[in-house]
Amino acid sequence: MARLQWGTAGSRVYEAGLDRGVLYIEGSPGIPWNGLTSVELAATGGTKSYYLDGEKYLIASVRERFSATINAFTYPPQFAQCDGSVSPRPGLSLRHQRRKQFGFSYRTRVGSAENNDLGYKIHLVYNALAEPS
């Protein structure tokens, strides 16, 4: 019979935070994103409950929707078009315009109690639309 063991050396790994980000806009190469501090991921959906006369009679599986919150001190100037901001000429800035889809990637460091530098994990987000908070 196999024996279970907890807490063996190197079995606990963690992701340490974000250290690099890249913005991708259609028609241009990757743009370094300095000032990116964190990305918080969330999924909504999964199940939907149906009620009849106040009683739950069905729990159905539904498609989940991905959402993320990007936290940054600054963003590249090219991100303004993804945020709905345009500057048709110097000194004139328009807000709440049509937003452009974008993609971005970011890197998190992976480590363990024995070795803080096991490598890194690259996260990809594509076909994203910004919704300013």
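Select H96 to begin: in this predicted model, H96 is exposed, with a relative accessible area of 72%, and that value places the residue above the 50% cut-off used for the term. H96 belongs to the loop between β8 (92-94) and β9, and its backbone deserves a look, since phi is positive there, at about 60°, although H96 is not a glycine. As background, most residues other than glycine have a negative phi.

Next, move to N127, which sits in strand β10 (residues 119-128) and also has a positive phi, near 55°, without being a glycine. N127 is exposed as well, its relative accessible area being 57%. While β10 is on screen, select Y120 together with R107, where R107 lies over the face of the Y120 ring at 4.4 Å from the ring centre.

For the hairpin, select residues 47-52, which make up strand β4, and join to them β5, which runs antiparallel to β4 and is connected to it by six bridges. Within this pairing, S49 can be found opposite I59 of β5. Two residues separate the two strands, and in that turn D53 shows a positive phi of about 55°. How many of the seven residues of β5 (residues 55-61) are buried? The count is zero, and the strand is accordingly described as hardly covered.

Now turn to the aromatic side chains, of which a search of the whole structure finds seven pairs. One of them joins Y75 and F79 in an edge-to-face arrangement, with 5.4 Å from centre to centre and 65° between the planes. The two partners can be coloured by accessibility: Y75 counts as partly exposed at 42%, whereas F79 is buried at 8%.

Keep F79 selected and add F102, because the ring centres of these two residues are 5.2 Å apart and their planes stand at 85°, so that this pair too is edge-to-face. The angle lies over the 60 degrees that the term requires. Here the contact links distant parts of the chain, with F79 in the loop between β6 (65-72) and α1 (80-83), F102 in strand β9 (residues 102-112), and their positions 23 residues apart. F102 counts as buried, with a relative accessibility of 5%.

To finish, extend the selection to W33, F104 and Y106, which ring pairs link with Y75, F79 and F102 into a cluster.

Note on methods:
Residues are numbered from 1 along each chain as its sequence is written. This is a predicted model: local features need pLDDT of at least 70, side-chain atom pairs count only at pLDDT 80 or more; totals for chains, interfaces and linings use all residues. Side-chain values use heavy atoms; hydrogens and water are left out. Buried means under 20% relative accessible area, exposed over 50%, partly exposed in between (1.4 Å probe, protein chains only). Helices (H or I, at least four residues) and strands (E, at least two) are DSSP runs, numbered from the N terminus. Two strands pair if DSSP finds at least two bridges between them. Rings of Phe, Tyr and Trp (its six-membered ring) pair if their centres lie within 6.5 Å; planes under 30 degrees apart count as stacked, over 60 as edge-to-face and the rest as tilted. A charge sits over a ring if NZ of Lys or CZ of Arg is within 6 Å of the ring centre and within 35 degrees of the ring normal.
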